[in-house]
Amino acid sequence: MGIGGVALAAAWSVGLSLVDATTHRLPNPLTVPAALCAVVACAVHPQLAWGLVWPAGYLLLGRGIGGGDIKLAAPLGVAVCALAGLPGVLAAVALSGLLTAVAGLLLRVPRVAHGPAMIAAAWMVPALWHLWA
């Protein structure tokens with residue numbers, strides 16, 4: 001991915017984070033195309049399917065996880081898998097939960113948007129993975 005792709009991913013990430021933080025919703029026009037691209041990427045490169053562990057886990061175990069979070073988890077999981085493999089995906093899932101819990105404690109609110117933490121974890125884990133590799 002070139003600098004243009006990184007810039008586009010960053011803009012998408014910031015936009016989704018701002019919308020979710022203010023409305024507690026992840027809009028379908030921003031999540032569905034990315035989720036579909038992730039599924040196509042898995043069909044073309046089956047090793048990336050490990051990234052679908054993230055949305056599958058949310059579907060099976062995610063109490064309180066909304067549909068937008070599940071749709072967001074697909075492209076984030078596949079991207080993290082491409083950059084850091086299955087261990088990176090598992091680390092991103094754990095980190096996103098931790099970040100959401102910490103945000104809830106710091107803000108002292110019962111409900112915190114999970115999308116921004118998912119996005120932050122998806123950027124942080126591969127970056128740290130490659131620093132340590």
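Okay, let's start with a pair of helices: α1 and α4 run roughly antiparallel to each other. Before I go on, keep in mind that this is a predicted model. So where does that description come from? Helix α1 covers residues 3-23 and helix α4 covers residues 67-107, and their axes cross at roughly 160°. Anything over 145 degrees counts as roughly antiparallel, so that pair makes the cut. The axes come within 13 Å, and the crossing is left-handed.

Who is actually touching? On the α1 side you have W12, L16 and D20, and on the α4 side D69, L72, P75 and L76. Sorted by class, that contact has five nonpolar residues and two charged ones, with no polar residues.

Now stay on α1 and look at its other partner here, helix α5, residues 115-132. These two pack at about 155° with their axes 8 Å apart, and they are therefore roughly antiparallel as well. Again, α1 passes α5 in a left-handed crossing. From α1, the residues in contact are V6, A9, A10, S13, L16, S17, D20 and A21. They meet G115, P116, I119 and W123 of α5. The class count is eight nonpolar, three polar and one charged. If L16 and D20 sound familiar, they were also on the α1 side of the contact with α4.

Next, α3 against α4. What angle do their axes make? They cross at roughly 120°, and the axes come within 6 Å. That makes this pair oblique. On α3 the contact uses V53, W54, P55, Y58 and L59. On α4 there's a longish list, including D69, I70, A73, A74 and L76, and going on to V93 and S96. By class, we get 14 nonpolar, two polar and one charged.

Last stop, the largest pocket. How much space lies in it? About 560 Å³. There are 25 lining residues, and the closest to the centre are G64, I65, G66, D69 and H114. You've met D69 already: it's in the α4 side of the contact with α1, and in the contact with α3 too.

Which elements give two or more residues to the lining? Those are α3, residues 53-61, and α4. The largest share, six residues, comes from α4. As for chemistry, the lining divides into nine nonpolar, eleven polar and five charged residues.

So if you open the structure, one place to begin is D69, among the residues closest to the pocket's centre.

Key:
Residues are numbered from 1 along each chain as its sequence is written. This is a predicted model: local features need pLDDT of at least 70, side-chain atom pairs count only at pLDDT 80 or more; totals for chains, interfaces and linings use all residues. Side-chain values use heavy atoms; hydrogens and water are left out. Axes are lines fitted to C-alpha atoms, for helices over the stretch in contact, and angles run from 0 to 180 degrees between N-to-C directions. Helices (H or I, at least four residues) and strands (E, at least two) are DSSP runs, numbered from the N terminus. Angles under 35 degrees count as roughly parallel, over 145 as roughly antiparallel, 65 to 115 as roughly perpendicular and the rest as oblique. A crossing is left-handed if the near helix is turned anticlockwise from the far one by less than a right angle, and right-handed if clockwise. Contact means heavy atoms within 4.5 Å. Ala, Val, Leu, Ile, Met, Phe, Trp, Tyr, Cys and Pro count as nonpolar, Asp, Glu, Lys and Arg as charged, and the others, Gly among them, as polar. On a 1 Å grid over the protein atoms alone, a cavity is a set of points where a 1.4 Å probe fits but cannot get out, and a pocket is an open set with protein on both sides within 12 Å along at least five of seven lines; lining residues have an atom within 4 Å of a point. Grid points are joined across faces, edges and corners, and a volume is the space filled by probe spheres set on the points.
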